Amino acid sequence: SLDITLPTGAVNGKFAVIDYKSTFSINNAVLKYGSDPIMGLSEDNALDIDNLNLELLYVDRTEGWKYI
């Protein structure tokens with residue numbers, strides 16, 4: 001698996017993840033929350049969908065990174 005740790009956020013900061021090889025279903029990636037939550041939760045997120053293309057926006061210390 002591939003571990004991706006989100007950076008410490010800055011308001012309006014963006015972060016993108018793209019499965020350009022279409023292999024997340026067989027080679028999962030784990031989006032790690034680092035020092036800021038993802039969607040308000042201090043939990044890692046498993047990325048296991050082929051061709052996944054997602055973007056996150058940093059909102060604040062409470063919500064952290066939000067999927068957009």
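Contact here means heavy atoms within 4.5 Å. With that in hand, here are some views of this predicted model.

**View 1. The whole protein is built from strands.**
Start with the overall picture: the protein has six strands and zero helices. Walk along the sequence and you meet the pattern β-β-β-β-β-β. The radius of gyration is 12 Å, close to the 11 Å that the globule rule gives for 68 residues, so the protein is as compact as a globular protein of that length. Along its principal axes, the C-alpha trace spans about 35 × 20 × 15 Å. Buried residues account for 26% of the 68 residues. How many of the contacts between residues at least 6 apart in sequence join residues at least 24 apart? The share is 64%.

**View 2. Three strands make an open sheet.**
Here we look at the sheet with the order β1-β3-β4, which is open and has mixed pairing. Which strands stand at the edges? They are β1 (2–5) and β4, each with a single partner strand, so one side of each is left without a neighbour in the sheet. From one strand to the next, the twist averages 25°. Zoom in on β3 and β4 and you'll find them paired in the antiparallel sense, over three bridges. Ala 29 is a handy place to look, as it stands opposite Leu 47 in β4. As a bit of background, strands of a sheet pair through backbone hydrogen bonds, either parallel or antiparallel.

**View 3. β5 and β6 form a hairpin.**
Now move to β5 and β6, a hairpin with three residues between its strands. The two strands pair in the antiparallel sense over four bridges. Tyr 58 has Trp 65 in β6 as its bridge partner. In the loop between β5 and β6 sits Thr 62. Is Thr 62 buried or exposed? Its relative accessibility is 60%, so Thr 62 counts as exposed. Leaving aside neighbours within four places in sequence, Thr 62 is in contact with Pro 37 and Gly 40. For a sense of scale, Thr 62 and Leu 2 are 60 residues apart in sequence, and their C-alpha atoms are 26 Å apart in space.

**View 4. Three aromatic residues gather in one cluster.**
Phe 15, Tyr 58 and Trp 65 form one aromatic cluster. A pair of aromatic rings is described by the distance of the centres and the angle of the planes. The count comes to two aromatic pairs. In one of them, the rings of Phe 15 and Trp 65 have centres 6.4 Å apart and planes at 65°, so this pair is edge-to-face. Phe 15 belongs to strand β2 (residues 14–18) and Trp 65 to strand β6 (residues 64–67), so the pair ties together parts that are 50 residues apart in sequence. Tyr 58 and Trp 65 also form an edge-to-face pair, at 5.5 Å centre to centre with 70° between the planes. Both Tyr 58 and Trp 65 are buried, and the relative accessible area of Trp 65 is 2%.

**View 5. Asp 36 sits buried in a loop.**
Look in the loop between β3 (29–32) and β4 (45–47) to find Asp 36. Asp 36 has a relative accessible area of 0%, so this residue counts as buried. What does the side chain of Asp 36 have at 2.8 Å from one of its polar atoms? That is the backbone nitrogen of Gly 9. A polar contact of 3.4 Å also joins the side chains of Asp 36 and Tyr 58. Setting aside neighbours within four places in sequence, Asp 36 is in contact with Pro 7, Thr 8, Gly 9, Tyr 58, Arg 61 and Trp 65. Two of these names, Tyr 58 and Trp 65, belong to the aromatic cluster of View 4.

**View 6. Asp 48 is partly exposed in another loop.**
The last view shows Asp 48, in the loop between β4 and β5 (53–60). Asp 48 is partly exposed, with a relative accessible area of 42%. Which residues is Asp 48 in contact with, leaving aside its neighbours within four places in sequence? They are Phe 24, Ser 25 and Asn 28. Asp 48 and Thr 5 are 43 residues apart in sequence and 16 Å apart in space, C-alpha to C-alpha.

Technical notes:
Residues numbered from 1 in each chain as written. Predicted model: local features only at pLDDT ≥ 70, side-chain atom pairs only at ≥ 80, totals over all residues. Heavy atoms only, no water. Buried < 20%, exposed > 50% of the residue type's maximum accessible area, 1.4 Å probe, protein only. Polar contact = N/O pair within 3.5 Å; in protein donor to acceptor, adjacent residues only side chain to side chain. Phe/Tyr/Trp six-rings, centres within 6.5 Å; stacked < 30°, edge-to-face > 60°. Pairing = 2+ DSSP bridges. Axes fitted to C-alpha atoms, helices over the stretch in contact; angles between N-to-C directions. Rg over C-alpha atoms; globule rule 2.2 N^0.38 Å.
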